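Here is a friendly tour for anyone meeting this structure for the first time. Keep the view open beside the text and look for each feature as it comes up.

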Amino acid sequence: MPGSKDVIYLDKYEAVRSRDSELARDRLFSVYGADGFDKRSGSFGIRANYARLTAVGLGFCSYEAPVSLSFPEANFVRQFFSIQGRASFATSRGSSLIGAWTPIVSGNSRLRLEFGEDYRQLVLRIDTPALERTMKALAGDASDRRLELSESDPNASSMSFLRRQVFHLAEELETFADQYSPLARAELERDLIVRFLLGHEHNFSDLLRREPRSAGRSVVARIEAFIEANWSRPIDLDEIAGVANVGVRTVFREFARAGKGSPAQFAKRVRLQRAAEFLRSPVETTTVTGVAFRCGFHNVGRFAADYLRLHGELPSETLKRASSTL
């Protein structure tokens with residue numbers, strides 16, 4: 001269950017684990033960008049981990065005793081997901097308790113955090129330029145309009161899904177991150193950014209809810225050919241829309257109308273075919289996990305299940321049969 005109080009998240013990415021408050025201050029300043037730190041009198045203990053992809057950062061923190069932190073303005077947004085205990089945050093817009101999730105906390109003003117005793121949480125950070133690029137690609141907007149994210153309370157059902165995805169990301173990074181290919185990491189990050197944008201209100205929300213314009217079926221063929229030729233690269237929403245000279249939402253509509261699902265689903269099928277090719281022509285170091293990550297899959301269990309559906313056997317069976325002929 002997401003947020004189990006017995007789990008330490010992102011342990012491979014230790015930032016600080018100490019009872020020395022001065023060491024903690026130094027690490028919180030250098031790793032997390034804090035510029036203020038205060039602890040209450042008495043015992044002190046901190047355990048903080050931080051994983052950075054490209055535009056996305058994910059942190060875990062645990063405090064044994066009450067502390068206060070402050071942060072300057074920043075070019076990224078935050079969202080906090082409490083696991084245990086009580087805490088609050090304050091910006092120029094006001095203050096609020098940190099619950100199962102918070103609204104978006106923008107970097108446009110200073111941030112102050114108050115953590116209570118035995119508090120634990122995950123915090124998601126996403127660079128604002130990456131959010132804006134992805135949003136404008138989704139909306140097919142080529143203007144100079146800037147993304148303005150709402151800091152009001154988000155939809156509970158959307159946030160419940162996002163919370164599960166954030167905790168799942170933390171578990172995936174802890175288990176497999178050192179094996180991820182650049183393709184797998186990029187796909188993982190893109191999926192989270194898109195989910196984040198779809199789960200929150202902003203000045204592009206109405207545009208996203210409109211029906212996209214129609215285009216010919218040739219759009220699907222052009223994009224499929226492009227994906228097949230570039231299967232080892234991450235799906236870039238701007239790029240695939242440019243290939244067909246239409247907006248991203250039109251691309252998704254035409255794929256759905258053609259019964260092809262989405263560009264990402266088509267890319268998955270292509271990558272499963274490539275995975276089969278690698279497994280059928282193995283070298284001594286070939287493993288199912290290695291092939292999965294090489295082909296952009298970041299969950300070996302789901303890779304095996306998808307592979308079974310498409311090829312009628314598990315990837316381990318393909319590899320075993322091919323290896324017997326070496």
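## The largest pocket

The largest pocket of this predicted model has a volume of about 1,100 Å³. It is lined by 33 residues, and those closest to its centre are Glu187, Arg190, Asp191, Ala264 and His298. Five helices each give two or more residues to this lining: helix 3, helix 4, helix 8 (248–257), helix 9 (263–280) and helix 11 (300–311).

Which helix gives the most to the lining of the largest pocket? That is helix 4, with 8 residues. Sorted by class, the lining of the largest pocket holds 16 nonpolar residues, 10 charged ones and 7 polar ones.

## The second largest pocket

The second largest pocket contains about 480 Å³ of space. Of its 19 lining residues, Thr134, Glu189, Arg190, Ile235 and Asp236 are the closest to its centre. Helix 2 (128–139), helix 4 and helix 7 are the elements that give two or more residues to the lining here.

Helix 4 turns up again with the largest share of the lining of the second largest pocket, at 7 residues. The classes in this lining are 10 nonpolar, 7 charged and 2 polar. Arg190 is worth finding in the view: it is among the residues closest to the centre of the largest pocket, and it is also among those closest to the centre of the second largest pocket.

## Helix 4 and helix 3

Helix 4 (residues 182–199) deserves a look of its own. Its 18 residues should span 26 Å at 1.5 Å a residue, and its end C-alpha atoms are indeed 26 Å apart, so the two values agree. Buried residues of helix 4 include Leu183, Ala184, Leu188, Leu192, Ile193, Val194, Phe196 and Leu197. Charged names are on the buried list too, among them Glu187, Glu189 and Arg190.

Helix 3 (residues 156–176), another contributor to the lining of the largest pocket, has 21 residues. From its first C-alpha to its last it reaches 30 Å, close to the expected 30 Å. Met159, Leu162, Val166, Phe167, Leu169, Ala170, Leu173 and Phe176 are among its buried residues, and so are Arg163 and Glu172.

## Strand 5 and its partners

Now move to strand 5 (residues 67–71). Is this strand largely enclosed or open? Buried means under 20% relative accessible area, and 5 of the 5 residues of strand 5 are buried, so the strand is largely enclosed by the rest of the structure. Both of its faces are covered: Val67, Leu69 and Phe71 are buried on one side, and Ser68 and Ser70 are buried on the other.

Strand 5 has a pairing with strand 2 (residues 36–39), which is antiparallel and made over 4 bridges. In this pairing, Lys39 stands opposite Val67. Strand 5 also runs antiparallel to strand 9 (residues 111–115), and 5 bridges join the two. There, Ser70 stands opposite Arg112.

## The cavities

How many cavities of 30 Å³ or more does the count give? The count comes to 2. The largest cavity has a volume of about 150 Å³. Among its 15 lining residues, those closest to the centre are Tyr32, Phe71, Leu113, Gln121 and Val123. Helix 1 (21–32), strand 4 (56–63), strand 5, strand 6 (76–84), strand 9 and strand 10 (119–127) each give two or more residues to the lining. Strand 4 gives the most, with 4 residues. By class, the lining of the largest cavity divides into 11 nonpolar, 2 polar and 2 charged residues.

The second largest cavity has a volume of about 80 Å³. Its lining includes Phe226, Ile227, Trp231, Pro234, Ile235, Asp236 and Arg271. Helix 6 (218–229) and helix 7 (237–244) are the elements that give two or more residues to it. This lining has 6 nonpolar, 4 charged and 1 polar residues.

## Cysteines

A disulfide is a covalent bond between the sulfur atoms of two cysteines. Searching the whole structure turns up 0 disulfides. Two cysteines are still worth locating: Cys61 is buried, with a relative accessible area of 7%, and Cys295 is buried, with a relative accessible area of 0%.

Conventions
Residues numbered from 1 in each chain as written. Predicted model: local features only at pLDDT ≥ 70, side-chain atom pairs only at ≥ 80, totals over all residues. Heavy atoms only, no water. Buried < 20%, exposed > 50% of the residue type's maximum accessible area, 1.4 Å probe, protein only. Pairing = 2+ DSSP bridges. Expected span 1.5 Å × (residues − 1). 1 Å grid on protein atoms, 1.4 Å probe; cavity = no way out; pocket = protein on both sides within 12 Å on 5 of 7 lines; lining within 4 Å. Points joined across faces, edges and corners; volume = space filled by probe spheres on them. Disulfide = S-S within 2.5 Å.
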